[in-house]
Amino acid sequence: MKRFLKWFLGIATLLVLGIAIAWFGFLKPSPPPIADEDRAAISLLPLPSELDLGSNTYKIPNEIDLQLKGIWTPRLQKSFDRFTSRLKNSTGIPIRNGDGMTLSIYCQNKSNEYPSPNEIESYTLTIRKNKINLSAPTEWGILNGLETLLQLATKEGDRWYFPEVHIADTPRYSWRGLMIDVCRHWIPKAVILRNLDAMAAVKMNVLHLHLTEHQGFRVASKTYPKLHELGSNGNYFSQEDIKEIVAYAADRGIRVVPEFDVPGHATSWFVGHPELATLPGPYQIQTDFGVGGAVMDPTKEEVYTFLDTFFGEMAFLFPDPYVHIGGDEVDSEDWENSSAVQDFMAEKGIEDYHALQNYFNTRIRKLIEGHGKKVMGWDEILQKDFEGDGVVIQSWRNHKSLWDGIRKGSKGVLSYGYYLDHKQTAGFHYAVDPEVIQGGITIDIDSTHWESWQLNLELGDTKMEGDLYLFGTGENKKGIVQMMGNSYDFENTSFDGKTLQFSHEAQFGELNYALDMKGDSIMGTTKISVFTVDVAGKKSGGSQMEGGQSLPKFEKIVPLNAEESQSILGGEACMWSEMVDEHTIESRIWPRAGAIAEKLWSPQVLTDNTEDMYRRLMVFDDYLETLGTHHKNSGKAIIDSIVPNAYRDALTVLVNVLQEDKLFNRMAIYDTMPNVNTPLNRIVDASRPESYEAYRFEKDVDTWIETQDTALKSRLAAQLKKWNTNHQVLQPAFEAVEHIREVEQHSQHLYDLTTLAIQALENPSGAIAIAEHETLFQASEKAYGGTLLPVATPIKRLIQHNTTANESK
């Protein structure tokens, strides 16, 4: 027995020892590169790769002893001058050279005049014993380190200090971009320069300028001056402007990639040069925002001669190795109506218009490469023979196209999920990762009971093709809609024997279908907001249909392997300018672009805490003002222009808790479709895509419900009373000023909700009859004037909590 026990204990000891070795040697998760307690104590955006926070702090003096090692260039001197100027803007402390805190900067290598892809941008930063050490292999790393040092300046009471810290930082991706459309609405140089400063603060390193469009040609050409003279309404960048923008960007470690959209989105080219177009014209600058329109003629040799000369001129003006050729949303209608194009396609054996565009793109690629540049384009350019290492695919329609392009040998940049003009929240963008495809087909595919239809969808001049698949029998039908390269599944269908109804979510909102089914035909509409898309289709296959198409194998998304992931260059936030102008564009870019910047800079393991991101993003929102960003100015200017001084403060209180509705819902407030001449001066334009005051309030409500903290309860009560009395102040303004009546319902709902919430807080023993107020709750969640009232949800939760708590007593 003793021998058995001895043997058993020996085996157990070995097992425990083995488990311990396995745990600590192999299985135990690696600690995060930033400890949770250190992360909670800083407000850096983006988070660095590694950070170790000490316990000491060092008061920021008004004298800094700059010690230089390695190389020092005019660019580094300008960056240091910006650092001291902005440190003064943030802290109020005038910084001068002296014997105070030591800042030692060691730059090992001089960088080229202009940044290029795959630069070394890493740096190390240490603050200890009243001394700051910043070192980097390149100038770009020093620039990044100084931006981090600026954000480390912390205020406690009346004292500003730097924390004791060690940081080793390097980017996750080399392409961290922001695309600005300067065409739909003209965005002048001063706005571009301010955005470059904001980009540098969050270590974004690519400015993508969308320079040509149906609505304007925005860069001067000395070779073909009619392009900008006739195609811009006088609003364009001179070549000196471009040189200034490029130099300003380079001083901040930012590349400038130009986009010249061909062969579609090209009307502005044809105003001065109709010979480039497929049809004879004449042409005028387009004022509406439709995606259809005139296209270049791919059959004419003079088109390629013209573009060769033009791209040669632009290649000299823009030093970046990439030229973006657009290539998206090419409307084939003009090609269909051109006998010359039809003859050309027959002669060359070109099967369809996708192949015709590929022919055009292939020739353009050779021209651009002939000028020493590489080609970039939207994901529609991903065609046979137009792929490989020399091409960068910018994926905007879906995540899958990014991975498809990479598996075909191209490099990729993700923009799907990063469209700032869609007015999604920072949290929505933060959940998008270039290496993770969310969603996908989730329904069960019933291969024994299925039907399919080929669909044609039309909205005005815009035409799309798609497919509808239905699975199951009776009332348990499920389905999939495929369009624009995406698959959307749905359940909960309704069919009354004639009309099939269902809905599904897409990146741009919810689509609601009502389709009449008759024989093999299907016809009806799908709606998004107030926009109605006509749908018509013909049955194409099914389990009971002979001779129809077979059921496709719905693709399972296979993750990229480690080697393939190396071809993801990064991502770009996109700001299209249909619904912004030079006054409001910054409020739609910032600070939400900062969340995308962090996703592209910081290690993946550090970008899964959305709540902590918001904590730091709201600090950054204030910090941006010290850089001169106008993201908070435009709302005040619009409010000042709408109401007399007596109501401005009260209207500001209301606007601060509103947020702009998503893109298509926001566009629906106009009597006619908005265009380039539509004034952007309403309350919706004064609001922002996300209310951080509402976000903070919601967090306070959740915390109070959990903790019942007395001080927090007092703060909530004070906020509720402020909103409650605000409606009374604004009431005369609603009667006198027509422009703000469209949000009067929001003010009324806020008054009604806060009245109930104050009652819930001040009289916790008195239950509120929730059912009696359901109409109010539902109405408060609706949009008015293109805006939403996001505080309605947490106020409702506060009221409901009080009632639930009373009922449980």
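**Exercise 1. Place S135 in this predicted model and describe its surroundings.**

Step 1. Find the element. S135 sits in strand 6, which covers residues 131–136.

Step 2. Check exposure. The relative accessible area of S135 is 22%. Buried means under 20% and exposed means over 50%. S135 is therefore partly exposed.

Step 3. List the contacts. Setting aside residues up to four places away in sequence, S135 touches Y106, Y123, T124 and I142.

Step 4. Look for a polar partner. The side chains of S135 and T124 make a polar contact at 2.7 Å.

Step 5. Compare chain and space. S104 is 31 residues from S135 along the chain. Their C-alpha atoms are 8.1 Å apart.

**Exercise 2. Is R588 buried or exposed, and which backbone oxygens lie by polar atoms of its side chain?**

Step 1. Locate R588. It belongs to helix 16, residues 585–589.

Step 2. Read the accessibility. At a relative accessible area of 1%, R588 is buried.

Step 3. Find the oxygens. The backbone oxygen of V684 is 2.8 Å from a polar atom of the R588 side chain. For the backbone oxygen of S687, the distance to a polar atom of that side chain is 2.9 Å.

Step 4. Add the other contacts. Beyond four places in sequence, the residues that R588 touches include L420, K423, M575, V580, E660 and D685. R688 and P689 are also among them.

**Exercise 3. Work out how helix 17 is placed.**

Step 1. Take its range: residues 592–601.

Step 2. Count the buried residues. The result is 10 of the 10, so helix 17 is largely enclosed by the rest of the structure.

Step 3. Check which residue types are involved. The buried set includes A593, I596, L600 and W601. R592, E598 and K599 are in it too.

**Exercise 4. Describe the nonpolar cores and the place of W590.**

Step 1. Start with the largest core. It holds 135 residues. F162, I192, F260, W269, L307 and W590 touch the most other members.

Step 2. Follow W590. Outside four places in sequence, its contacts include L178, A198, M199, V202, F620 and L624. N195, T629, H631 and R688 are also on the list.

Step 3. Look for another core. One of 46 residues lies apart from the largest. W704, V743, L761 and L776 are among its members.

Step 4. Set this in context. In soluble globular proteins, nonpolar side chains tend to be buried together.

**Exercise 5. What is the strand order of the open nine-stranded sheet, and which strands stand at its edges?**

Step 1. Write the order: 21-20-19-18-26-25-24-23-22. The pairing is antiparallel.

Step 2. Take the ends. Strand 21 (486–490) and strand 22 (494–495) are the edges. Each has a single partner strand, so one side of each has no neighbour in the sheet.

Step 3. Inspect one pair. Strand 22 runs antiparallel to strand 23 (residues 499–506), joined by two bridges. F495 has L500 of strand 23 as its bridge partner.

**Exercise 6. How many disulfides does the structure hold, and why is C574 not in one?**

Step 1. Give the count: zero.

Step 2. Test C574. The closest cysteine sulfur belongs to C183. It is 14 Å from the sulfur of C574, which is too far for a bond.

Step 3. Check burial. C574 is buried, with a relative accessible area of 0%. C107 is also buried, at 0%.

Conventions: Residues are numbered from 1 along each chain as its sequence is written. This is a predicted model: local features need pLDDT of at least 70, side-chain atom pairs count only at pLDDT 80 or more; totals for chains, interfaces and linings use all residues. Side-chain values use heavy atoms; hydrogens and water are left out. A nonpolar core is a set of buried Ala, Val, Leu, Ile, Met, Phe, Trp, Tyr and Cys residues joined through side-chain atoms within 4.5 Å. Buried means under 20% relative accessible area, exposed over 50%, partly exposed in between (1.4 Å probe, protein chains only). Contact means heavy atoms within 4.5 Å. Two strands pair if DSSP finds at least two bridges between them. Helices (H or I, at least four residues) and strands (E, at least two) are DSSP runs, numbered from the N terminus. A disulfide is a pair of cysteine sulfur atoms within 2.5 Å. A polar contact is a pair of N or O atoms within 3.5 Å; within protein, one must be able to donate a hydrogen and the other to accept it, and residues adjacent in sequence count only if both atoms are side-chain atoms.
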